[in-house]
Amino acid sequence: ETDLKLYELEEKLEESGFFRAGKSCIINLKYIKSLRADFDRRIKVRMENEEQLIVSRQYAETLKKRLGVK
């Protein structure tokens, strides 16, 4: 738990490989297992622990650029 707001946490962790995936989610890019296009330009992310997350369309293009994917 933290008293920081999500945008503050995002700023602190960005250089450590974390990425804002939506309004309430930050993910560690090092632990992404796979990506899959989803409905309405969103991206479905499967993490190494098999958890599935949705990257909102607002952040999808930035994620692709950070990972070097088209």
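User: What makes D40 and R57 a salt bridge?

Analyst: Happy to explain! In this predicted model, the closest N and O atoms of D40 and R57 are 2.3 Å apart. A salt bridge is a side-chain nitrogen of Lys or Arg within 4 Å of a carboxyl oxygen of Asp or Glu, so at 2.3 Å the D40 and R57 pair qualifies. The pair links distant parts of the chain, 17 residues apart: D40 sits in the loop between β3 and β4, and R57 in helix α2 (residues 57-67). Helices (H or I, at least four residues) and strands (E, at least two) are DSSP runs, numbered from the N terminus.

User: Why is D40 called partly exposed?

Analyst: Its relative accessibility is 37%. Buried means under 20% relative accessible area, exposed over 50%, and partly exposed in between (1.4 Å probe, protein chains only), so D40 at 37% is partly exposed. R57, at 45%, also counts as partly exposed.

User: How do you know that R20 forms a salt bridge with E10?

Analyst: Their closest N and O atoms are 3.3 Å apart, which meets the salt-bridge cut-off, so the name fits. R20 lies in strand β1 (residues 18-22) and E10 in helix α1 (residues 6-13), so the pair ties together parts that are 10 residues apart in sequence.

User: Are R20 and E10 buried or partly exposed?

Analyst: R20 has a relative accessible area of 12%, so R20 is buried. E10, at 25%, is partly exposed.

User: Which values should I keep in mind when reading these numbers?

Analyst: Local features need pLDDT of at least 70, and side-chain atom pairs count only at pLDDT 80 or more. Side-chain values use heavy atoms, with hydrogens and water left out.

Key: Residues are numbered from 1 along each chain as its sequence is written.
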